[in-house]
Amino acid sequence: MADTRVDIPGVGTPEYDAIVVGSGPNGLAAAITLQESGLSVLLIEGKETIGGGMRTAELTLPGYRHDICSAVHPMALMSPFFAKLPLADFGLTFVQPTHDAAHPLDGGRVAVLDQSVESTAAQLGADGSTYRKWMSNLLESVPKLLPDLLGPLQWPAEPFRLAGFGLAALPPATWTATKFKTAEGRALWAGMAAHSIQPLDNIATSAFGIMLMAAAHIKGWVIPVGGSQSIADALGAYFQSLGGKIQTGWMVGSLNELPPAKAVLMDVTPRQLVRIAGDRLSTSYKRRLETYRQGPGIFKVDWALDEPIPFQREECRSAGTVHLGNTFEEIVQYERNVGNGKRGEKPFALVAQQSLFDKTRAPEGKHTAWAYCHVPNGDDRDMTDALESQIERYAPGFRDVIKAKHITNASALEQYNPNYIGGDINGGIQDIWQLYSRPVLSISPYRTSGRDIYICSSSTPPGGGVHGMCGYHAARQALKDVFKVEVKKG
């Protein structure tokens, strides 16, 4: 992006209608939504580059571009907010991997998630017909329900359709797994549901697996060319084209630092909200924020490679994402241990291979790999050997092709982004008790007790992911409350 620094007006100069603090996908979405409504908006970012979790950098060696947090984007093309923006005009392009995801098992078996329901089902053996019927039924509902599924709790446009979806989404993933009889079908399902970053016997963990599988079949698990930073850059460029202003390199410590504005939207977690705006929040509201619960953290490794990961199965060698955890039972046990604050030796690992499909990520003939596993919140144990062992389990010789590596534990992740408390990348656990009551149970979760102060981060509905919907809904609430703009449902 072009230079984002602007001259901030001094106190007493009513320069902006709204200020957004934090430039992750939700901060950018909030700023764009407000600016599109004709307001003057200032977006402030503590780092020197915008993006939050959408950043890309040479973490290992020159020429090897690694995504610092988000990498593959199942929800990017599913997001109703992103869908209405002309981001291609601002340089954003996506590539579709040959296979969205692959899940190898011991003994040479593999399950594959393809964009085609038929192709996915055909590779599940005895579970093929079950998957085909189950997913086809869900795909009739998910696209129509996206505005409700990716928003705050409210009366739905299609209550009966939503109720039907709820019957499938609300059970624990362990219950839904009983649909599948083969090891391949059960393992594929476990890997999808484990993106919930919580024990798979928790209520509503099925929702995460369903949404990810539906995203693959509707739009695909796409990869942004040039890295996740490309999404942030396109959003920022579009915002600036509307007249919005961006200030980088300013880590806001207090709202008292900000120039006057009619509304302030905070792309932060409850902890940061209290720290930055606590003197403007009521005691009772702050007390409620203090009960907000964080989820498990992650441990991540980026590798610069001499050649692609040498997976034994071709399906894994041509998949954008590979889930490593072997059977349903192994994954369930590992995620249960993490949820209970315990450590495991054979982690469920999520591996991304962006350089297979995006040649801008590494020098000619070389490759990158990105992987993480879940750990108890704040647990800084080095999981590098455990992650590499899981990859070696299905790709013998992997360690021989490593040129360099970059390790990020839970504390380092929080240092990189204060919103990732204890390594929690979802802005708080997304279990049934905090799915819609984040950060507090309220008619409008985006309002705070402070006058014209709003929270727009993934600590609000619909939660974590690169979709911008938290910021979009928060901005619409501010437009309605502060600026008296009529907003239609959607």
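This report looks at two helices, the nonpolar cores and a group of aromatic rings. The model is predicted.

**Two helices of twelve residues**

Let's start with α1, residues 25–36. At 1.5 Å a residue, its twelve residues should span 16 Å, and the end C-alpha atoms are indeed 16 Å apart. Eleven of the twelve residues are buried, so the helix is largely enclosed by the rest of the structure. Among the buried ones are P25, N26, G27, L28 and Q35. The cover over these buried residues includes the strands β1 (16–21), β2 (41–44) and β10 (261–266), along with the helices α2 (80–83), α9 (229–241) and α16 (469–481). Just past the end of α1, G38 adopts a positive phi of about 90°.

Helix α13, residues 328–339, also has twelve residues; the expected span of 16 Å agrees with end C-alpha atoms that are 16 Å apart. Its buried residues are F328, I331, V332, Y334, E335, N337 and V338. They are covered by elements including β6 (99–104), α6 (173–176), α7 (183–193) and β14 (367–375). After α13 comes G341, with a positive phi near 80°.

**The nonpolar cores**

The largest nonpolar core holds 132 residues, and the members that touch the most others are Y131, W189 and L265. Helix α4 (residues 128–149) gives this core its largest share, nine residues. Apart from this core lies another, of 21 residues, including I19, V21, V268 and Y285. As a general point, nonpolar side chains in soluble globular proteins tend to be buried together.

What does W189 touch, leaving aside residues up to four places away in sequence? Its contacts include W134, A173, F180, M213 and F328. F328 has a further partner in R186, whose charged end sits over the F328 ring, 4.4 Å from its centre.

**Aromatic rings**

There are nine aromatic pairs in the model. Two of them share W134:

| Pair | Centre to centre | Angle between planes | Geometry |
|---|---|---|---|
| Y131 and W134 | 6.4 Å | 65° | edge-to-face |
| W134 and F180 | 5.8 Å | 80° | edge-to-face |

Y131 and W134 are three residues apart in helix α4, which separates them by about one helical turn. F180, in contrast, lies in the loop between α6 and α7, so its pairing with W134 of helix α4 ties together parts that are 46 residues apart in sequence. W134 is buried, with a relative accessible area of 10%, and F180 is buried too, at 3%. Together, Y131, W134, F180 and W189 make up one aromatic cluster.

How values were computed:
Residues are numbered from 1 along each chain as its sequence is written. This is a predicted model: local features need pLDDT of at least 70, side-chain atom pairs count only at pLDDT 80 or more; totals for chains, interfaces and linings use all residues. Side-chain values use heavy atoms; hydrogens and water are left out. Helices (H or I, at least four residues) and strands (E, at least two) are DSSP runs, numbered from the N terminus. The expected span of a helix is 1.5 Å times one less than its number of residues. Buried means under 20% relative accessible area, exposed over 50%, partly exposed in between (1.4 Å probe, protein chains only). Contact means heavy atoms within 4.5 Å. A nonpolar core is a set of buried Ala, Val, Leu, Ile, Met, Phe, Trp, Tyr and Cys residues joined through side-chain atoms within 4.5 Å. Rings of Phe, Tyr and Trp (its six-membered ring) pair if their centres lie within 6.5 Å; planes under 30 degrees apart count as stacked, over 60 as edge-to-face and the rest as tilted. A charge sits over a ring if NZ of Lys or CZ of Arg is within 6 Å of the ring centre and within 35 degrees of the ring normal.
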